[in-house]
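User: I have a protein chain to study and would like to go through it step by step. Could you take my questions?

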Amino acid sequence: ILIFSYVGFFSDIEAFLIKNAKFKVCLQASPTNKNLLLEDCNPESGFQDWSWQGNSLVNRGTQSCLSVSGADRVQTSVCASTGYTSWDCSNSLLSPLGTSQGYLVANRKGVTLSDLRGLKAQWQDAEDRSVCEKKTEHNSYFPAALTSPQVHEHTADNATLPLGMDQQQLEELLWFFRREDPSTWNYSVLALSLATLILGLLLLIINIVRNRKRKILMNTEALQTVPQAELDAKQALLPVQEYNPAEPQKQEPVSQDQRPGEVMVQWKDGTITSLYTDISEEAI
């Protein structure tokens with residue numbers, strides 16, 4: 001179960017003094033009870049610091065809201081209570097939202113509700129600006145839950161949050177403002193990047209190997225094609241002799257001086273002689 005307080009959740013929202021335009025004193029929450037006091041303005045006092053949270057005026061010192069009790073009594077109460085804690089602000093006049101009980105008016109004894117609209121009913125900040133301007137400035141902040149840790153024991157099971165929010169809406173706000181550890185996501189992205197890099201390198205290597213095999217195959221086919229082309233060219237240059245089986249081939253006539261078995265040699269000068277010369281028995 002989560003508890004949100006003014007100091008913890010709205011620490012970044014600027015607080016301001018609520019000063020009466022007539023008496024020049026500031027609205028202060030009592031630290032001991034729910035009463036409201038009019039004291040000399042002291043910017044250092046947390047009990048005089050107020051801030052707009054939606055339509056509620058929250059005191060930083062007591063972490064309680066300005067509320068209406070009874071017909072004309074104004075006090076502080078727990079912001080998660082069911083009392084009137086919402087205020088309408090117009091022309092420096094504060095009036096309970098949704099009722100017709102008049103305006104917040106300062107007097108010698110403190111503050112009350114009245115139909116007067118003079119300086120006693122006008123409220124300013126320390127720079128004499130209307131407190132309604134502060135409400136306009138704080139409208140840019142995201143409305144959020146505000147509970148007091150003093151009543152957590154009574155409202156833990158069925159907490160009623162201010163500004164009309166329930167527990168489910170509060171959980172949605174927590175989800176909206178969640179902060180997660182991004183380490184898991186960062187590691188996942190890094191692993192995915194490495195896997196993509198490895199896959200890209202693998203595809204590049206496969207493509208290079210295939211290109212090399214394709215080039216080797218093309219070179220082999222080219223080498224096999226060149227000898228066949230050369231052979232065809234040589235055959236085209238050789239004269240083709242016509243062969244007719246009906247006509248017998250003509251043989252050169254054997255010289256009358258040439259005997260069977262004799263080997264004849266033709267010399268370079270054109271003379272023809274026998275390789276072996278017969279020698280008579282007498283010469284031997």
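Analyst: What follows is a set of questions and answers on this predicted model.

User: How many helices and how many strands are there in the chain?
Analyst: The chain has 284 residues, and 29% of them are buried. Its helices and strands are numbered from the N terminus. The count is 5 helices and 14 strands.

User: What share of the accessible surface belongs to carbon and sulfur atoms?
Analyst: The accessible surface of the chain comes to about 20,800 Å². Carbon and sulfur atoms account for part of that area, namely 54%.

User: Among contacts between residues at least 6 apart in sequence, what percentage join residues at least 24 apart?
Analyst: A contact here means heavy atoms within 4.5 Å. Take the contacts between residues at least 6 apart in sequence. The share that joins residues at least 24 apart is 50%.

User: Which residues of the largest nonpolar core touch the most other members?
Analyst: This core has 23 residues. Strands β2, β3, β4, β6, β8, β10 and β11 each give two or more residues to it, and so does helix α2. The members that touch the most others are Trp 50, Leu 66, Trp 87, Leu 94 and Trp 123.

User: How many disulfides are found in the whole structure, and what is their pairing?
Analyst: A disulfide is a covalent bond between the sulfur atoms of two cysteines. A search of the whole structure finds 3 of them. Number the bonded cysteines in sequence order, and the pairing reads 1-2, 3-4, 5-6.

User: Why is the disulfide of Cys 26 and Cys 41 given its handedness, and what is that handedness?
Analyst: The sulfur atoms of Cys 26 and Cys 41 lie 1.9 Å apart. Cys 26 sits in strand β2, while Cys 41 is in the loop between β3 and β4, 15 residues apart. The torsion about their S-S bond is about 95°, so this disulfide is right-handed.

User: Is Cys 41 buried, partly exposed or exposed?
Analyst: Its partner Cys 26 has 0% relative accessibility, so Cys 26 is buried. Cys 41 has a relative accessible area of 32%. Buried needs under 20% and exposed needs over 50%. Cys 41 therefore counts as partly exposed.

User: Which parts of the chain does the disulfide of Cys 65 and Cys 79 tie together?
Analyst: The two sulfur atoms are 2.0 Å apart, and the link is right-handed, with 100° about the S-S bond. The pair ties together parts 14 residues apart in sequence, because Cys 65 and Cys 79 lie in strand β6 and in the loop between β7 and β8.

User: Is the link of Cys 89 and Cys 132 left-handed or right-handed?
Analyst: This pair joins strand β8, which holds Cys 89, to helix α2, which holds Cys 132, 43 residues apart. The sulfur atoms are 1.9 Å apart. The value about the S-S bond is -90°, and the link is left-handed.

User: Which side chain makes a polar contact with the side chain of Ser 30?
Analyst: Ser 30 is in the loop between β2 and β3. Its relative accessible area is 6%, so Ser 30 is buried. Beyond four places in sequence, Ser 30 touches Asn 35 and Thr 62. Its polar contact, at 2.9 Å, is with the side chain of Asn 33.

User: Is Ser 95 buried or exposed?
Analyst: Ser 95 is found in strand β9. Its contacts beyond four places in sequence include Trp 87 and Tyr 103. Relative accessibility is 12%, and the cut-off is under 20%, so Ser 95 counts as buried.

User: How far apart in space are Glu 127 and Leu 17, C-alpha to C-alpha?
Analyst: Glu 127 lies in the loop between β12 and α2. At 53% relative accessibility, Glu 127 counts as exposed. Glu 127 and Leu 17 are 110 residues apart in sequence. In space, their C-alpha atoms are 9.2 Å apart.

User: Which residues does the UniProt annotation "transmembrane region" cover?
Analyst: The annotation comes from an unreviewed UniProt entry. In the model, the annotated span is 100% helix and 0% strand. Its end C-alpha atoms lie 37 Å apart. The annotation covers residues 185–209.

Terms used
Residues numbered from 1 in each chain as written. Predicted model: local features only at pLDDT ≥ 70, side-chain atom pairs only at ≥ 80, totals over all residues. Heavy atoms only, no water. Core = buried A, V, L, I, M, F, W, Y, C linked by side-chain atoms within 4.5 Å. Buried < 20%, exposed > 50% of the residue type's maximum accessible area, 1.4 Å probe, protein only. Helix = DSSP H or I, 4+ residues; strand = E, 2+ residues; numbered from the N terminus. Areas by Shrake-Rupley, 256 points an atom, 1.4 Å probe, with all protein chains shown as cover. Polar contact = N/O pair within 3.5 Å; in protein donor to acceptor, adjacent residues only side chain to side chain. Disulfide = S-S within 2.5 Å. UniProt positions renumbered as here; feature names shortened; annotations may be inferred.
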